[in-house]
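Biologist: Let us talk about empty space in this model. Please define each term as you go.

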Amino acid sequence: MTDFAAPGRFTVWAHGLRPRTRLGLCAVLGAVAGLGQAPFGLWPLTLLALAAFFGICTFRWTAWQAAWLGLAAGTGYFLVVLNWIVEPFLVDAARHGWMAPFALVLLSAGLALFWMLGVWAARRLGGGSAAWVAALTLTEALRGVIFTGFPWAQVGHVWIGTPMMHWAALGGPLLLSALILGGAAALWHAVAGRRVRGGVALVVLAGAFASGPFLSTPIPVSQDAPTVRLIQPNATQREKWDPDKIQGFFERQIAYTAAGDPPDLVVWPETAVPVLLNRAGDTLSHIAEAARGAPAIVGLQRQEDMRFFNTLALIASDGAVTASYDKHHLVPFGEYLPFGDALATFGLHGFAARQGSGYSSGPGPQVIDVGGLGRALPLICYEGVFPRNIAGAPERPDFLLLITNDAWFGKVSGPYQHLAQARLRSVEQGLPMIRVANTGISAMIDARGQVTGEIPLGQAGWLDVALPPAAPPTLYAQLGDWPVLALMLLVLGAAALQCRRALSD
């Protein structure tokens, strides 16, 4: 095996620890790395923690010894960033509360298997820093597709809200992950022996940070830009379907829709209308009347035979539905259960599903015409986490339209992380986004990922805000993840060749 850095004192010290203590240290470093995610945004701690973890990995462990270090660090990381996963279990705490800690620990450990795989592969290929960065970047990509994918809180997401975010317009979230991992390895080299190599890499990273703003030239909003009204009823998940409160939340949204001067578009959040689309004729006419001639977009459920869908509907001024979209990328164990029909006989259903054993998925991404505002790509909640749900659209839209019910995520970290990923989608595509959430954070996001107006988390209200223009298609919008994936595979191939040569000498 090729040793890739003069071992520092920290590495030697970590090697001398008892195995359980060393694993605990890696878990703590992973937890500290998680503090770079929203709402904390402490990305320098992520850089430092990953550098220290990389330093521990520099010792000549066997591949499986290194893999256990990756599992420990990944588990600590996901325990911090996914703490919101307990919130759905607390909506009906008497029935589901006991599951919350098990869900958090099991999900964190399960996702940490990807870190385990990445560290194992890097060690098998000689343990070099390039192999470490490439292997972990590729396992982040794998995490986004296996079992329908869950790319939430990728390590590169710590750059959201910083100048580095704008590099996503070139290489997407995987490039951001490669940059934070590469920066961590460079920092370790700079302090642990290879100062020239590490210093040069850090200078490159600093240059990327400094040049980020040049990739995000502001696009001015014209004075005649359409006005969009964001409606946020702030119905907590415990109250949302309470028969005594449903009508009150509906009338609150009607009042917000009818307030002030009529906008050019009104948007309600996910499942905001408390009746099925099939029976909502009078209800939709009531919404259209309140909108006073403006089209309205609302979230509701619809039924087709024995199947139920999570739907977005566009309502014209006469109350007619002129376009609709059924959510196609459903939340596993939330909106549906694998083998749901069989499990339903035992009383097990998806948390968010209000009917039967769960929702059915729609046919896929589509673009809807919103009249004078242009063409919109609808996204419902979880769909906004996946870049491929935008890349799979039949044509490039003029803006993204995301409706969600983040009440499931609580008030600590989940809604902030979800908003951060929405900002990243806008940067990647060069498209503005209308984002409306039941409990917040509702926001207008421009094509550079900047929030131009928002309703804070946990507040009821409405906001009129101008729809920003789209930017030209970004490089990422045209090429997707393939350039970064190809580069990382090339790096791993070079590491494998170098490792083979070293073993044959």
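Modeller: Start with residue classes: Ala, Val, Leu, Ile, Met, Phe, Trp, Tyr, Cys and Pro count as nonpolar, Asp, Glu, Lys and Arg as charged, and the others, Gly among them, as polar. By that split, the lining of the second largest pocket has 17 nonpolar, four polar and one charged residue. The model is predicted: local features need pLDDT of at least 70, side-chain atom pairs count only at pLDDT 80 or more, and totals for chains, interfaces and linings use all residues. Numbering runs from 1 along each chain as its sequence is written, and side-chain values use heavy atoms, without hydrogens and water.

Biologist: What makes a space a cavity or a pocket?

Modeller: On a 1 Å grid over the protein atoms alone, a 1.4 Å probe fits in a cavity but cannot get out; a pocket is an open set with protein on both sides within 12 Å along at least five of seven lines. Lining residues have an atom within 4 Å of a point.

Biologist: How much space lies in the second largest pocket, and which residues are closest to its centre?

Modeller: About 540 Å³. Of its 22 lining residues, Val133, Ala178, Leu179, Gly182 and Gly183 are closest to the centre. The volume is the space filled by probe spheres set on the points, which are joined across faces, edges and corners.

Biologist: Which helix gives the most to that lining?

Modeller: α9, with eight residues. Helices are DSSP runs (H or I, at least four residues), numbered from the N terminus.

Biologist: How many cavities of 30 Å³ or more are there?

Modeller: Five. The largest holds about 120 Å³.

Methods
Helices (H or I, at least four residues) and strands (E, at least two) are DSSP runs, numbered from the N terminus.
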